[in-house]
Amino acid sequence: MKTLSFLQRSSMAMMASWSLLVPSAPRANTAPVHTAPAVPAIAAPLHVVATTPDLASIAMEIGGAAVEVKALAKATEDAHFVDAKPSHIVTLNRADVLIEGGAELEIGWLPPLLESARNEKIATGAPGRILASQGIRMLEVPTSFDRSKGDVHAMGNPHFLIDPLNVKIIAANIAEHFAKVAPASAELFKANLQKFNATLDQRMAAWQKQMAPFKGAKIVTFHRDFVYLSERFNLVTVETLEAKPGIAPSPAHLAQVIGTMKSTGARVILVQPFQNRKTAETVARQTDAAVLDMAQQPGAIKGTDTYFQLMDYIVNTLATALQGKK
Ligand SMILES: [Zn+2]
């Protein structure tokens, strides 16, 4: 495992240099010392690491001033295939809490980073390890699966944050873990969770109202990444440009997609920044469809820095396009 040993070497080198910056602990001294004046203890913010920016956005809302949050994946990166960097090991080594999507979303890149980071606080089963998929009703759990062919949804569809009601479950899960790791801030986390849920309920009512006229509308996506959105807002994902999750489109498969779009009347194709827009445009030309620039990560599209802003953007873009294609 060449990659792993490289990461381990880098991590050890970096931890060694970081330790030089840490002031040494006071040593036991036999000489009489003056006792320092008592200062009220100010809890240091929790170092929270989220694998993806959507989870980081929720963690910030719940943690408020009591947390510092970093995301490992960039907003424009495919969460299945993140470039593992030595700096990620340092970040994970210093973390008090790790939030991951779970359901094997990060299986291709997170395990070797965690092995190198050697941080007990975020080990599996520790209070500092949060699995967003816990308590989520997974869609598309496969009965058969072939990882060797590039199939990447082994435990069901891991793109569940695109359903705002799933985010409510995740936010509660995060608040519960934060309170265990930092009990002194438990009341703050509880209050922030209530505020978050109130905003979400209010936005959700508006999104549902906006999407109501498009019940049953057919959509096409590149990957199976908007399935939970389809279910929540009564849309139908009739085809994906990929033959299967993680498997690149073949001309034969695209011909089938075009046929399905013509027979079902699907007139919008959703693409994310890291997906092949050219393929979508080719299909769109032959089906009189619109290609919609979409994202699942806050920050991937200008003006969508929080989860709420991102969902506003998604609902507005979809509703406008579906209205135009009616
Ligand atoms: Zn996927």
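The following exchange concerns a predicted model.

Biologist: Which helix gives the most residues to the largest nonpolar core?
Modeller: The largest nonpolar core has 82 residues, and Ala59, Ile62, Ile99, Ile174 and Ile269 have the most contacts inside it. The helix that gives the most to this core supplies 8 residues, and that helix is α10 (residues 307-324).

Biologist: From which domains does this core draw at least three residues each?
Modeller: Ile62 is among the residues with the most contacts inside the core. The core draws at least three residues from each of domain 1 (2-18 + 44-203) and domain 2 (204-324).

Biologist: Which residues is Ile62 in contact with, leaving aside neighbours within four places in sequence?
Modeller: Ile62 belongs to the largest nonpolar core, where it ranks among those with the most contacts. Leaving aside those neighbours, its contacts are Ala171, Ile174, Ala175, Phe178, Phe189, Asn192, Leu193 and Phe196.

Biologist: In what order do the strands of the open sheet of 4 strands lie?
Modeller: The edge strands are β2 (67-71) and β4 (129-131), each of which pairs on one side only. The twist from one strand to the next averages 20 degrees. The pairing is parallel, and the order is β2-β1-β3-β4.

Biologist: Which residue in β2 is the bridge partner of Val49?
Modeller: Strand β1 (residues 46-50) runs parallel to β2 and is joined to it by 5 bridges. In β2, the bridge partner of Val49 is Lys70.

Biologist: At about what angle does helix α2 run to β2?
Modeller: Helix α2 (residues 53-63) lies across β1, β2 and β3 (97-100). Its angle to β2 is about 175 degrees.

Biologist: Why do the buried residues of α9 line one face of the helix?
Modeller: In helix α9 (residues 277-287), the buried residues are Ala280, Val283, Ala284 and Thr287. They pack against α8 (251-264), β7 (268-271) and β8 (290-293), while Lys278 and Arg285 are exposed on the other side of α9. An α-helix has 3.6 residues a turn, so residues three or four places apart point the same way. Seen down the axis of α9, the buried residues line one face because they fall within an arc of 105 degrees.

Biologist: What phi does Asp288 take?
Modeller: Asp288 comes just after α9. Its phi is positive, at about 55 degrees.

Biologist: Why does Asn234 count as partly exposed?
Modeller: Asn234 lies in the loop between α7 (227-232) and β6 (236-240). Not counting residues up to four places away in sequence, Asn234 touches Lys215 and Gly216. A residue is buried with 20 or more C-beta neighbours within 10 Å and exposed with 12 or fewer. Asn234 counts as partly exposed because its C-beta neighbours inside 10 Å number 13.

Notes: Residues numbered from 1 in each chain as written. Predicted model: local features only at pLDDT ≥ 70, side-chain atom pairs only at ≥ 80, totals over all residues. Core = buried A, V, L, I, M, F, W, Y, C linked by C-beta atoms within 7 Å. Helix = DSSP H or I, 4+ residues; strand = E, 2+ residues; numbered from the N terminus. Domains from an automatic or database assignment. Contact = placed C-beta atoms within 7 Å. Pairing = 2+ DSSP bridges. Axes fitted to C-alpha atoms, helices over the stretch in contact; angles between N-to-C directions. Arc of directions from axis to C-beta.
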